[in-house]
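Here is a colleague's note, written for someone meeting a protein structure for the first time. Please keep the structure in view while reading, and look up each residue as it is named.

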Amino acid sequence: MNPTRKRRLWLIAAIVVAAGIATALVALALQRNVAYLYTPSEILGGSAGDAVRSGQARFRLGGMVAADSFARAPGSMEAHFKVDDGDAMLPVVYTGILPDLFREKQAVVATGRMQGDVFVAEEVLAKHDETYMPKEVADKMGKAHRKHDVAPSADAPAQGAN
């Protein structure tokens with residue numbers, strides 16, 4: 001093999017290796033930023049997986065803030081509330097300023113991890129108007145309501161409406 005071909009072969013091999021490393025780094029970064037949405041019944045029922053239940057995985061929790069469940073620790077920014085999906089309730093702890101639209105009996109999506117039997121939220125998002133609920137949450141809660149023969153109420157959020 002002459003020196004020019006040898007040099008080209010090394011250059012092509014270096015480019016292929018660099019492209020492989022770049023692809024692996026992008027895939028790793030994207031994998032860390034993915035947060036799946038689960039409801040309380042999926043988490044407590046075990047269908048969300050062991051990594052979610054044990055607190056190893058970061059995920060989104062969706063549902064409605066349960067009535068009469070909100071409490072703030074005296075003298076701190078720590079808020080305690082429960083998220084309900086019609087089948088189960090999961091206690092949530094969040095330290096920080098809650099969104100202005102955060103209220104009981106309203107849709108909420110929180111991002112965080114499980115710590116024991118409590119979901120520790122890093123971020124809390126509340127619905128932005130009277131009729132909105134994220135489509136994923138609305139679909140999962142609709143299944144729970146059909147399962148328990150719960151009739152939709154007049155103030156029930158529209159599924160996926162913007």
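How many aromatic pairs does a search of the whole structure find?

1. The search finds four aromatic pairs, and it should be kept in mind throughout that the model is predicted. A pair of aromatic rings is described by the distance of the centres and the angle of the planes. For Phe 81 and Phe 102 these values are 4.9 Å centre to centre and 65° between the planes, and the pair is edge-to-face. Phe 81 lies in strand β4, whereas Phe 102 lies in the loop between β5 and β6, so the pair ties together parts that are 21 residues apart in sequence.

2. Are these two rings buried or exposed? Phe 81 has a relative accessible area of 2% and is buried, and Phe 102, at 11% relative accessibility, counts as buried because the limit for that label is under 20%. Leaving aside residues up to four places away in sequence, Phe 81 touches Phe 102 and also, among others, Val 65, Phe 70, Leu 90, Val 92, Tyr 94 and Val 124.

3. Other rings join up as well, since ring pairs link Tyr 38, Phe 59 and Phe 119 into a cluster. Two members of that cluster, Phe 59 and Phe 119, return in the largest nonpolar core, where they are listed with Ile 43, Leu 61, Phe 81 and Val 124 as the residues with the most contacts inside it. This core has 21 residues, and the elements giving two or more residues to it are β2, β4, β5, β6 and β7. In soluble globular proteins, nonpolar side chains tend to be buried together.

4. It is worth stepping back to the overall plan. The protein has four helices and seven strands, and from the N terminus on the order of the elements is α-β-α-α-β-β-β-β-β-β-α. Of the 162 residues, 30% are buried, while the accessible surface comes to about 10400 Å², with 57% of it belonging to carbon and sulfur atoms. Among contacts with a separation of 6 or more, 58% are between residues 24 or more positions apart.

5. Which strands pair with β5, and in what sense? With β4, strand β5 pairs in the antiparallel sense over seven bridges, whereas β5 and β7 run parallel and are joined by three bridges. Tyr 94 is a useful residue to follow here, for it is the bridge partner of Ala 79 and also stands opposite Ala 121 in β7. The hairpin of β4 and β5 has four residues between the strands, and in this hairpin Gly 86 takes a positive phi near 100°.

6. The last point concerns charge. Side chains of opposite charge can pair when their charged atoms come close. The structure holds one salt bridge, formed by Arg 58 with Glu 122, whose closest N and O atoms are 2.9 Å apart. Arg 58 sits in the loop between α3 and β2 and Glu 122 in strand β7, and the pair therefore links distant parts of the chain, 64 residues apart. Both residues are partly exposed, with a relative accessible area of 31% for Arg 58 and 44% for Glu 122.

Note on methods. Residues numbered from 1 in each chain as written. Predicted model: local features only at pLDDT ≥ 70, side-chain atom pairs only at ≥ 80, totals over all residues. Heavy atoms only, no water. Buried < 20%, exposed > 50% of the residue type's maximum accessible area, 1.4 Å probe, protein only. Contact = heavy atoms within 4.5 Å. Areas by Shrake-Rupley, 256 points an atom, 1.4 Å probe, with all protein chains shown as cover. Phe/Tyr/Trp six-rings, centres within 6.5 Å; stacked < 30°, edge-to-face > 60°. Pairing = 2+ DSSP bridges. Salt bridge = Lys/Arg side-chain N within 4 Å of Asp/Glu carboxyl O. Core = buried A, V, L, I, M, F, W, Y, C linked by side-chain atoms within 4.5 Å.
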